[in-house]
Amino acid sequence: MVALSTKDELKALATQAGEELDGASALEILRWADDQFGPAWAVASSMADAVVPSLAAQVRPGVDILFLDTGYHFAETLGTRDAVAATLPVTVRSITPRQSVAEQDASFGARLYERNPDQCCALRKVMPLRNALADYVAWASGLRRDEAITRAGAKVVEWDEQRGMVKLNPIAAWTQDDVDAYIAANGVLVNPLLSDGYGSVGCWPCTRRIAPGEDARAGRWSGTQKVECGLH
Ligand code: SF4
């Protein structure tokens, strides 16, 4: 584990690793992170599937898995979270917003997600994750380049300017076929919503089933210009 001091040093390390590890396997990328940061890295998971948690657990058993418990999740997603906690050698941390849904309704009015989804995501996802990540030097997610145009340029290791920390995208280069093959070969847990017409897993007010041929993320904030919650 290297001694890391300034943000500039960390940024340089992340930028260099992003180039050098391009083409490395997901496990190699996570092992690099573990060598660099010891226990000071975590995985953020939407609980669409347990691919990255299962990879991370192979590198560091007991690794922290952060789940943003917005108060608006489908029961299937909460069930997937609980199944991941029960079956994988990981530590699932459910991260809750400062306000409950009822408290947010009292402060901002009901169904903020309809009127101002950016503010709702900021309150229920972006700020809670920012607070939770203060405990770590690096964080990983299952972001993939082929998921959306906004993700096409993602590096396997990069500098998260917004949070001033290292971001790991160990499966950035994977395709959906790669994900499906890994799940099948390793018996990885998958959210049942994905076999029930949903292409992507999010909060129930902002997620709908997709039609055949539609992009997997087309069901997120459908009918609006919004494509990201602000986490990536
Ligand atoms: Fe709110 Fe929708 Fe964002 Fe969930 S996805 S935090 S309900 S706006």
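This is a short tutorial dialogue on reading the sheet, the ligand site and the open pocket of a predicted model.

Reader: Let's start with the sheet. How many strands form it, and in what order?

Author: The general idea is that strands of a sheet pair through backbone hydrogen bonds, either parallel or antiparallel. Here six strands form an open sheet, and reading across it you get S3-S2-S1-S4-S6-S5, with mixed pairing. The edges are S3 (90-95) and S5, each of which pairs on one side only. On average, neighbouring strands of this sheet are turned by 30° against each other, ignoring direction.

Reader: Mixed pairing, okay. Which way do S1 and S4 run, parallel or antiparallel?

Author: Parallel: S1 (residues 41-44) is joined to S4 by three bridges. If you want a spot to click on, Trp41 has Ala138 in S4 as its bridge partner.

Reader: And on the other side, how many bridges join S4 to S6?

Author: Three bridges again, between S4 (residues 138-140) and S6 (residues 165-168), and these two strands also run parallel. Ala140 is a good landmark here, with Leu168 in S6 as its bridge partner.

Reader: Then where does the antiparallel part come in?

Author: Look at S5 (residues 157-160), which is joined to S6 by four bridges and runs antiparallel to it. Two pairs help you trace this: Val157 stands opposite Leu168, while Glu158 has Lys167 as its bridge partner. So to speak, Leu168 is a meeting point, since it partners Ala140 and also faces Val157.

Reader: What should I look at in the hairpin of S5 and S6?

Author: The turn. That hairpin has four residues between the strands, and Gly164 takes a positive phi near 65°.

Reader: Now the ligand. Which residues surround it?

Author: Start by listing the neighbours, then ask which element they come from. The shell is made of Tyr72, Tyr113, Pro117, Cys120, Cys121, Arg124, Lys125, Cys203, Cys206 and Trp221. Helix H7 (residues 117-133) gives the most to this shell, with five residues. By class, there are eight nonpolar and two charged residues around the ligand, and no polar ones.

Reader: Where does the ligand sit with respect to the cavities?

Author: The space the ligand takes is the largest cavity. The count comes to one cavity of 30 Å³ or more, and the largest cavity holds about 120 Å³ of space. Its lining has 15 residues, and those nearest the centre are Cys120, Cys121, Lys125, Cys203 and Cys206.

Reader: Which element gives the most to that lining, and what classes of residue are in it?

Author: H7 again, with five residues. The lining of the largest cavity has nine nonpolar, three polar and three charged residues.

Reader: Last one: how much space lies in the largest pocket, and what lies nearest its centre?

Author: About 900 Å³ of space lies in the largest pocket. Of the 43 residues lining this pocket, Ser46, Ala48, Gly142, Glu147 and Ser200 lie nearest the centre. Elements giving two or more residues to the lining are S1, helix H3 (51-59), strand S2 (63-68), H7 and helix H8 (176-186).

Reader: Which of those gives the most?

Author: H8, with five residues. By class, the pocket lining divides into 23 nonpolar, ten polar and ten charged residues. Keep an eye on H7 as you rotate the model: it gives residues to the pocket lining, to the lining of the largest cavity and to the shell around the ligand.

Technical notes
Residues numbered from 1 in each chain as written. Predicted model: local features only at pLDDT ≥ 70, side-chain atom pairs only at ≥ 80, totals over all residues. Heavy atoms only, no water. Near = heavy atom within 4 Å. 1 Å grid on protein atoms, 1.4 Å probe; cavity = no way out; pocket = protein on both sides within 12 Å on 5 of 7 lines; lining within 4 Å. Sits in = over half its atoms within 2 Å of the grid points. Nonpolar A, V, L, I, M, F, W, Y, C, P; charged D, E, K, R; others polar. Pairing = 2+ DSSP bridges. Points joined across faces, edges and corners; volume = space filled by probe spheres on them. Axes fitted to C-alpha atoms, helices over the stretch in contact; angles between N-to-C directions.
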